[in-house]
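Visitor: I am new to this structure and would love a close look at how its side chains meet. Could you walk me through one part slowly?

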Amino acid sequence: MADIDVESVLKGKYPAKAHAERVVEYIRSKVPGATGVLYVEGRADKLLEDSDEPVPFRQRRAFMYLTGADLADCSLVYDVETAQSTIFIPPVDPESVVWSGLPPSPDQVLAQYDVDAVLPSTELNPMLVNLGSRSPKSTVFAIAERVADAVTFLEFSHKDFTVLGEAIDECRVIKDDYEIALIRKANQISGAAHRAVLEQVKKAKNEYELEGTFIGACMRQGAKKQAYPSIVASGRAAATLHYVDNDKPLAGKDLLLLDAGAEWTCYASDITRTFPISGRFTEKSRSIYEIVLQMQKDCIKMLKGGVSWEEVHLKAHKVAIDGLLSLGILKGDRKEILEARTSTAFLPHGLGHYLGMDTHDAGGHPNYADSDPMFRYLRVRKNLPAGSVITVEPGVYFCEFIIKPYLNDPKHSKFIDENVLNGYWDVGGVRIEDNLLITKDGSVNLTDAVKDPDEMERIILGS
């Protein structure tokens, strides 16, 4: 898998029917003997309010998972008994063709996607009537509030609007080779775009120039969509975890944190790099960068199928504590610091999250009501199965809004040397994020963006 031939894998079809079989297996683990049909709808085309411009299209995840089709206004019926899948597409609208051209034909859809039949949407309700009346045990499995008013399930004796969504979310956790290839492709594109930013940062005047550099580099490689809004944070703004302004001058600032990733055919990459705007780390920023890099290296070493993600997250905090003690920012006993949770002042977020069709992908079972601040924002609370893809994104941040309450709390302030801390506010924050495929005995890093500090300096300086 480390040497996956992305282009060869992607010449095949998205494995939609294999996904449907997996979903049915999950449903039957919850509803023994389940039979009937799976019904899902794709995203409908919509216009912006008070405008004739379209809302940017992003396919519904359930429909994408069971079809691989990035098409609007379509639906899928999967017959559990026969394992036959049928996509229903809108009939050709002559008036729409005048403006937008011809949509894919039924033969083209059938050839491109892993389905058994393609029919016009006018045939949807008649097919549902036929399938629903086939057996008194037939159940239609659909997702609540994602069924159009015009669709009828009257002939089905049983209707289940809960288990299908759950089944798809859980099945999405383990990726097959095709999905991994999509994520790897998105990473390859994004890695090249991150390098383009490194090559431009010393010449840039504003954060938005670098956002444009990144997006432009992705589009030149064929990736027209971003997996999420880019974070381009310079100086102290890097301490804001989901900074969105991306419009501040770069002059006089030390580091730039770039959290940006393209998507490829609805699958995401999610990469963060932090580097010196001038091309040279300062002594303080280099020391924090080295701590975060060590956090990531040590956490990645722990990865393999079945590992506790909570234990990996805990390891990140232990390495952070040791590093901050070595700099004198923290003081006291490392075990007591960990037990007091003082390190959450500097690493307030979870170590990472599942990655797939969503940047924060499904199936992680977070517990945001957890009373333990170390684990409250951890997006994955289960052991990692082989075949899952997860981000590993440790960070150390100097955010006054977060840290100052710790300085005012005797429980934590005894562990923080404020005089030393005051020399680090301008570092802002450092985060390093890669995308890891979990295997039975280890992991494969799908991210190839440069993160060696010496190499980043050479690229920025053009040397």
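Which residues do ring pairs link into a cluster?

Guide: Happy to help! Please keep in mind that this is a predicted model. The cluster you ask about consists of Tyr-39, Phe-153, Phe-156 and Phe-161, linked by ring pairs. The count of aromatic pairs comes to 8.

Let us follow some of the other rings. Phe-346 and Phe-398 form an edge-to-face pair, because their ring centres are 6.0 Å apart and their planes stand at 70 degrees, where over 60 counts as edge-to-face. This pair links distant parts of the chain, 52 residues apart. Phe-346 sits in the loop between helix H12 (334-340) and strand E12 (389-392), while Phe-398 belongs to the loop between strand E13 (395-397) and helix H13 (400-407). Phe-346 has a relative accessible area of 1%, so it is buried. Phe-398 counts as buried too, at 3% relative accessibility.

Phe-398 also has a ring pair with Tyr-424: here the centres are 5.7 Å apart and the planes are at 25 degrees, so this pair is stacked. Tyr-424 lies in the loop between helix H15 (418-421) and strand E14 (429-431), so its pairing with Phe-398, in the loop between E13 and H13, ties together parts that are 26 residues apart in sequence. Tyr-424 is buried, just as Phe-398 is.

From the rings we can turn to the charged side chains. Here the count comes to 29 salt bridges. One of them involves strand E14, the strand that follows the loop of Tyr-424. Arg-431 forms a salt bridge with Glu-393, and their closest N and O atoms are 3.9 Å apart. Arg-431 lies in strand E14 and Glu-393 in the loop between E12 and E13, so the bridge ties together parts that are 38 residues apart in sequence. Both of these charged residues, Arg-431 and Glu-393, are buried.

The loop between H12 and E12, where we met Phe-346, also holds Asp-358. Asp-358 forms a salt bridge with Arg-61, with 2.6 Å between the closest N and O atoms. Arg-61 is in helix H3 (residues 61-67), so this pair ties together parts that are 297 residues apart in sequence. Asp-358 counts as buried at 18% relative accessibility, whereas Arg-61, with a relative accessible area of 22%, is partly exposed. The two also belong to a network of salt bridges that links Arg-61, Asp-169, Arg-172, Lys-175, Asp-358 and Asp-361.

Another bridge joins Arg-22 and Asp-176, whose closest N and O atoms are 4.0 Å apart. Arg-22 is in helix H2 (residues 16-30) and Asp-176 in the loop between helix H7 (163-171) and helix H8 (177-200), which puts the partners 154 residues apart. Arg-22 is partly exposed, with a relative accessible area of 25%, while Asp-176, at 15%, counts as buried.

Let us finish at the surface. Lys-297, Lys-301, Lys-315 and Lys-318 form a positive patch there. Helix H10 (283-302) and helix H11 (309-327) are the elements that give two or more residues to this patch. Lys-318 has its place in helix H11, and with a relative accessible area of 38% it is partly exposed.

Key
Residues are numbered from 1 along each chain as its sequence is written. This is a predicted model: local features need pLDDT of at least 70, side-chain atom pairs count only at pLDDT 80 or more; totals for chains, interfaces and linings use all residues. Side-chain values use heavy atoms; hydrogens and water are left out. Patches are made of residues with over 30% relative accessible area and no salt bridge: like charges are joined within 9 Å, nonpolar side chains (Val, Leu, Ile, Met, Phe, Trp, Tyr) within 5 Å. Accessible areas come from the Shrake-Rupley method with a 1.4 Å probe; for residues, only the protein chains shown count as cover. A salt bridge is a side-chain nitrogen of Lys or Arg within 4 Å of a carboxyl oxygen of Asp or Glu. Lys and Arg count as positive and Asp and Glu as negative; His and the chain ends are not counted. The place of a charge is taken as NZ of Lys, CZ of Arg, CG of Asp or CD of Glu. Helices (H or I, at least four residues) and strands (E, at least two) are DSSP runs, numbered from the N terminus. Buried means under 20% relative accessible area, exposed over 50%, partly exposed in between (1.4 Å probe, protein chains only). Rings of Phe, Tyr and Trp (its six-membered ring) pair if their centres lie within 6.5 Å; planes under 30 degrees apart count as stacked, over 60 as edge-to-face and the rest as tilted.
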